[in-house]
Amino acid sequence: MPAHSQPASWRELPPGQACLSNTCRMGDSTCECFFTIEHRLTMMRESDRLLLRPNGGKIHDYRNENAFIDNEDVLTLDGVGSRLVISINRQYPGPEIKAYEGQTMILHVHNMMHTDTTSIHFHGIHQKNSAWSDGVAFLTQCPILPGQYFTYRFQLSQHGTYLYHSHIGDQRSMGLYGSFIVYPNTKSEDWLEHVVILQDWNHDDDPETLYQKMLYGTFNLETATAINPSLSIDNTAFSRFVFHSGIINGRGRFYNKSTHNEAPLTVYNVERYKEYRFRVISAATLFPFRVFVENHRNLTVVAADGFDITPIEVESFIIQPGERFDFILQANQYPKNYLLVAETLETQQSLAQSTSSYHAAEAIIRYTGTSVNDDNPPKAQETNCALERCKVLNCPFMYYPSSTYRDCVQLHSMSLSDPSLNISVLGGGDIEELFFNFAFPGDTDTPGSVNGRQFIHPSSPILSQYSVSSLTPCNDSLCNQDSICSCTYIEEIEKDKIYQFIISNIGVGRGWSHPIHLHGHSFYLLKIGFGNYRSDASFESETTDLRCSGTKQFCNSMSWANPTWTGNSVEGININNPILKDTVIVPSGGYVVIRFKADNPGPWFFHCHIDLHNTNGMGMVIDEARSFYTSRIPKGFPRCGNFAFDGTFKTGGPGGKASGKKGFLNYKVTYTLTVITVLWSMIRHSELWRFVAAG
């Protein structure tokens, strides 16, 4: 669709600006922004159709290494090749949105891609009374077709660090994401902060190729050999997704064995003796990262998934796709360049089979007054944990190998800085428990599933066009303890009831730890239960706390092994002051216990936030109080669905069944009503009518 078809306000925005200048400020009632989504190529200066190359932390004309280009409009990523990506307002990642708690968020999205549909989800935002703005295609809306625009509108009732991203297939891997920061109304304008958005990047695979390789394998085409799945530190299987580079705010560099290609990095400027809040967001496709800052041993983590927690000093923390952590950095080192680093959790054995021996995302932290502004710093030096053991927050395994001198701190041991947020849900009373196993079970085919049900999206949105005919039913004869089925898995829950979910990753389908995200809610993280580990920290066997039904160990149906464990009686749960999360890691062979109150009616997606697993069916719908949300649909909301033509026309006409006697009668009725309407109009405007009306 040409640009002139956009609303006038779209065309009036200054170049590079996403939000209207008289909105989004402290005291404004609204924050109104505009997104134009379109494809672009990396490493191209489009104004003169010039291919670019990296060198010395800069980019230059591919024909002349000394002709450096200073062009912020160029999408560099890791500087390898010229790849197709998805941009928002010509940016990668998309523009940063900063708004305030209490404002009405209005976001207009225009899909300018030629062939792809899209939608936008605001990750971590509850969408209370606005489920239609949750952005999940075929659950809460129809996808936005090429050329169409769609307006999201909702109240910002919570502050914190969030992100927005596409919820169509694996578009997030191509750059359709961005940061979404909501400040409290009391925020001071002089806050010192930086936003860090992490992504794993692959040179060869678009979203559809990635998905096919996950199903059928990844191969080295030069040697005609299979690429084995990489392994995590605990020696559990990871994925066939190949890590080439890490990206921070759209920039990174590619390591070929021990050397890198000198591509530009994101730079964060700091002043010595000041403290900065770094908001770290993982928009990764699959890989988790361990985040640390070179030569800055203590990072003070102060928030998780948008909620402030009791501060804790750690050397590093692990962040999974969809998670967010805020940390405070004390800029107390000698003024020079240091690297912020996000490393994967792969073993050295896995790195050895890779093109690159260093799998990390990097950015420069540059102190004011640095004598040499080196844009191409060397690889960061690791913290020496042998001198003093290092704390690592949020491990997806029980512990590190002893040789690393690292100790894991688990999130369920943390607490909220504001305990009053926990009062309503953590007491006794009626608590209903539901068990969900996120895994890849099966005899031969092993699809992603929840309780053995591979999720099939409905053909029309559950929120606005609920119909049994649009769903693929979960047939009890096919979906049982010892079989895998494909269906639209929906679990209905009641309004205002308290639910305790036990989310597991066990049975024959267990594998790499899954980051599980629940839409519509933040939940209390009460416990993380691990399996059993050997002395070298490698995984040995799954937890014995859960009992699986059936004979094949698919674990499609579960219960506590100890029947006395229920509600607040589950051993080891934290009900004193647990933290709130919306995305949580479920360790391989283990489980987590979460709790929330069903006070937000809507059809909420509950899924693994690894896009490839989600697309493969590792998700379901928590249908919360349907009778309370069906009336809250905007007037004129788009409709979509299947169409099977049987030869019948709606109003009659040539070639259809309705063109016979029935069609002729419809035509006569319509014609007669039209004639009566015209005659009545003529009479009302005639002299006769005025005479009659006057008496």
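**Exercise 1. Which residue in S23 does Ala304 stand opposite?**

Before starting: this is a predicted model, where local features need pLDDT of at least 70, side-chain atom pairs count only at pLDDT 80 or more, and totals for chains, interfaces and linings use all residues. Residues are numbered from 1 along each chain as its sequence is written, and side-chain values use heavy atoms, with hydrogens and water left out.

Solution.
- Start with the pair of strands: S22 (residues 299-304) and S23 run antiparallel, joined by five bridges. Strands here are DSSP runs of E with at least two residues, and helices are runs of H or I with at least four, numbered from the N terminus. Two strands pair if DSSP finds at least two bridges between them.
- Now read off the partner: Ala304 stands opposite Phe307.
- Zoom out: the open sheet has six strands in the order S16-S13-S20-S25-S22-S23, with mixed pairing. Its edge strands, S16 (245-248) and S23 (307-314), each pair on one side only.

**Exercise 2. Work out which way helix H2 (residues 207-216) faces.**

Solution.
- List the buried residues: Pro207, Leu210, Tyr211 and Met214. Buried means under 20% relative accessible area, exposed over 50%, and partly exposed in between (1.4 Å probe, protein chains only).
- Check their directions: they cover an arc of only 95° around the axis, so they sit on the same side of H2. The arc is taken over directions from the helix axis to the C-beta atoms.
- Find what that side meets: the buried residues pack against helix H5 (611-615). On the face turned away are the exposed Glu208 and Tyr216.
- Finish with the ends. Asp206 caps the N-terminal end, with a side-chain oxygen 3.1 Å from the backbone nitrogen of Glu208. Just after H2, Gly217 has a positive phi of about 110°.

**Exercise 3. Describe the surroundings of Asn556.**

Solution.
- Place Asn556: it is in the loop between strands S40 (546-548) and S41 (558-560).
- Classify Asn556: it counts as buried because its relative accessibility is 6%.
- Collect contacts (heavy atoms within 4.5 Å). Beyond neighbours within four places in sequence, the partners of Asn556 include Pro441, Asn451, Gly452, Arg453 and Asn480.
- Look at Gly452 again: its backbone nitrogen lies 3.2 Å from a polar atom of the Asn556 side chain.
- Add a long-range pair: Asn556 and Phe436 are 120 residues apart along the chain, yet their C-alpha atoms are separated by 7.9 Å.

Definitions and conventions: A polar contact is a pair of N or O atoms within 3.5 Å; within protein, one must be able to donate a hydrogen and the other to accept it, and residues adjacent in sequence count only if both atoms are side-chain atoms.
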